[in-house]
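Reader: Hello! I am a first-year student, and I would like a close look at the enclosed spaces inside this protein. Could you then walk me through the parts around them?

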Amino acid sequence: MSSPLPRTATRTAAVSAVVATALAAGLIATGSATAADSTGAADSIRIHDIQGTTRISPLAGQQVSGVTGVVTGVRTYGSRGFWFQDTQADGDPATSEGVFVYTGSAPTVAVGDAVTVSGTVTEYVPGGTSSGNQSLTQITKPTVTVTSSGNPVPAPTTVSARSVPSAYAPEGDPAAGGSVNGLPLQPGRYALDYYESLEGTNIRIGSSRVVGATAHNELWVTVKPQENDNRRGGTVYGSYTSQNTGRLKIQSLAPVAQQPFPKANVGDCLTGTTEGPLDFNQFGGYTLTARTLGTVADRGLERETTEKQHRSELAVATYNVENLDPSDPQEKFDALAKAVVENLASPDIVALEEIQDNNGAKNDGTVAADQTLKKFTDAIAAAGGPTYHWRTIDPVNNKDGGEPGGNIRQVFLFNPERVAFTDRAGGDASTATGVVQEKGQAALTHSPGRIDPANAAWNNSRKPLAGEFTFRGRTVFVIANHFGSKGGDESLVSHHQPPNRSSEPQRLQQAKAVNTFVKDILKVQRTADVVVLGDINDFEFSETTKALTDGGALHAAVTSLPRSERYSYVYQGNSQVLDQILTSPSIRRFEYDSVHINAEFSEQNSDHDPQVLRFRP
């Protein structure tokens, strides 16, 4: 996640594009008339006239003057400006009585000022029109007159479990490319419409549970404590239609230098009243920008520890270590190592994702990662863990995605006192490993080896790493993956409903390639033990997972957990699955654990939670 983008030329272009789109769709008037021309008198324009009953202002692109209200919030950082609200509501629940005034520089008004504003009504799309985000109605290039000060702020609208509808959003209009922009708001029926009807309005929430830990000076709460909740305090995203309508992002209007933002973990409680204008921004959409911020009550969430494997059990884990390279502080290496030893109980095999090369993001052609891996395995040994050996294949420079110059790759760590790695020479970045029969059993042609690296499915993405291991005399095939990211997907608050998931087709092709390879192994040896694992970057209910499991070749082990415990990542207040371990049919009995040590905490060593599978081959 990044900080809000400055609104300069990009902002102007975004405004123009959304207005042009609205014009083309017939959502706003054309011509050069001002709002005064349309209504007969400039001073008759009120904020609810500007906001209108859809997501696009009926006055977008027009000049307005004499708009009155009371200032409810002032932002002096990021997107600078203020919110003001009409004290005379029109009684229509679909029209907001508040609006943001973009000043560009520090506003000269204060909360409680009665103001008269003139300017241009615009529709700003945070992140640009290509993001698919909804737009924010605002007044730009303003002239502001303060008519009095010290006025009471309009009473807040309380957002609660009772007020937010359970249905998330209407279906987008097919004639408008699936957009909801032109649809009349139904705030009593849909959550997104409800929040849109309050855009710019002074709102409040009562004590609310934290469902997204503090990061970038913001956190997420839910106003619906029973909505898809789990035992650790999160809100689980278990299907495309379980968007969790009670989630709301919280920021503070006070600059961090003046008032540090509180640290909170999932399950903590933001107690008391939190009150301020409702904004819409690029990273998460609807956001309560708090003029008054509640107090965080620590509920004592603890990091989990998995069970130690029995002597006859093989423990296999996957862990995304988030762009680890030798320039990272020793503290990060030590913390990750401690987690492997203590929280993961020193698995026999660990598939790592996002191991960077020996100089990290320095883009100089370096691809080897032996220094990164030595530093990490030394830290594990120092933490009391085994002396892990490793196997990996260096990628072609800058061909596997991720941070430019970083050359992230998957790596096998294994404990040689417990398992043996079967080395079969010849594997490199561009050579595909295959499956042959050897003494009646399946074997890899190259181990470690890459699966189908020339396949277009892996363009600018990590190629799967396959390895052949032996545990207590039985061969186990392990395939480490890091599928394409969700970058480019539209957010849940997109104006397209359902949102476009543009990254999904590549992961679908990647899943098919891995599924085909697993089937190749099973054709040679029906009883082969195969473990496919890693950062799949997709949900257990996704088409990606369906493709991985096609034909019964694999089983998604995370589905053995109760639905409320299926998650490895927290994104915008939703606890969800990205990291997975899948097993071949011969692995009938196993124990699976999503070990929650990172994603729910404000202090993280990685943004992913590791996964562990224990079974008897």
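**Cavities and their surroundings**

Author: By the rule used here, the count comes to two cavities of 30 Å³ or more. Please keep in mind that this is a predicted model.

Let's begin with the largest cavity, which holds about 50 Å³ of space. Which residues line the largest cavity? They are Ile393, Asp400, Arg409, Gln410, Arg450, Arg462, Lys463, Pro464 and Leu465. Sorted by class, this lining has five charged, three nonpolar and one polar residues.

The second largest cavity has a volume of about 30 Å³. Its lining is made up of Gln51, Gly52, Thr54, Ala94, Thr95, Ser96, Leu185, Glu196 and Ser197. By class, that lining has six polar, two nonpolar and one charged residues.

Now back to the largest cavity, because some of its lining residues can be followed into strands and loops. Leu465 is on its lining, and strand E23 covers residues 465-471. Glu468 has its place in that strand. Is Glu468 buried or exposed? With a relative accessibility of 4%, Glu468 counts as buried, since the cut-off for buried is under 20%. Leaving aside neighbours within four places in sequence, Glu468 is in contact with Ala420, Phe421, Thr422, Arg424, Ala443, Leu444, Ser447, Thr475, Val476 and Phe477.

One of those contacts, Ser447, takes us to a cis peptide bond. The bond from Ser447 to Pro448 is cis, and its omega is near 5 degrees. Pro448 sits in the loop between strand E21 (441-444) and strand E22 (449-450). Arg450, on the lining of the largest cavity, is in the range given for E22. Another cis peptide bond runs from Gln497 to Pro498, with omega near 0 degrees. Where is Pro498? Pro498 is in the loop between strand E24 (474-482) and helix H7 (504-524).

Arg409 and Gln410 also line the largest cavity, and strand E18 spans 409-414. E18 leads us to a helix, as it is among the elements that cover the buried residues of H6. The others named there include strand E15 (314-324), helix H5 (330-343), strand E16 (349-355) and strand E17 (389-391).

H6 itself runs over residues 370-382, which is 13 residues. From its first C-alpha to its last, H6 reaches 18 Å, close to the 18 Å expected at 1.5 Å a residue. The buried residues of H6 are Thr372, Leu373, Phe376, Thr377, Ala379 and Ile380. Looking down the axis of H6, you would find these buried residues within an arc of 155 degrees, so they line one face of the helix. After H6 comes Gly384, whose phi is positive, near 100 degrees.

Next, meet H5, one of the elements covering the buried residues of H6. Its 14 residues should span 20 Å at 1.5 Å a residue, and its end C-alpha atoms are 19 Å apart, which agrees. Which residues of H5 are buried? They are Lys332, Phe333, Leu336, Ala337, Ala339, Val340, Val341 and Asn343. These buried residues pack against E15 and H6. H5 is followed by Ala345, whose phi is positive, near 60 degrees.

That brings us to E15, where two residues deserve a look. Glu322 is found in E15 and has a positive phi of about 55 degrees, although it is not a glycine. Asn323 lies in E15 too, and Asn323 also has a positive phi of about 55 degrees without being a glycine. How accessible are they? Glu322 has a relative accessible area of 28%, so it is partly exposed. Asn323, at 24%, is partly exposed as well.

Finally, let's visit one buried strand residue. Thr583 lies in strand E29, which covers residues 579-583. With a relative accessible area of 1%, Thr583 is buried. Not counting residues up to four places away in sequence, Thr583 touches Val530, Ala553, Leu554, His555, Phe590 and Leu613.

Notes
Residues numbered from 1 in each chain as written. Predicted model: local features only at pLDDT ≥ 70, side-chain atom pairs only at ≥ 80, totals over all residues. Heavy atoms only, no water. Helix = DSSP H or I, 4+ residues; strand = E, 2+ residues; numbered from the N terminus. Expected span 1.5 Å × (residues − 1). Buried < 20%, exposed > 50% of the residue type's maximum accessible area, 1.4 Å probe, protein only. Arc of directions from axis to C-beta. Contact = heavy atoms within 4.5 Å. 1 Å grid on protein atoms, 1.4 Å probe; cavity = no way out; pocket = protein on both sides within 12 Å on 5 of 7 lines; lining within 4 Å. Points joined across faces, edges and corners; volume = space filled by probe spheres on them. Nonpolar A, V, L, I, M, F, W, Y, C, P; charged D, E, K, R; others polar.
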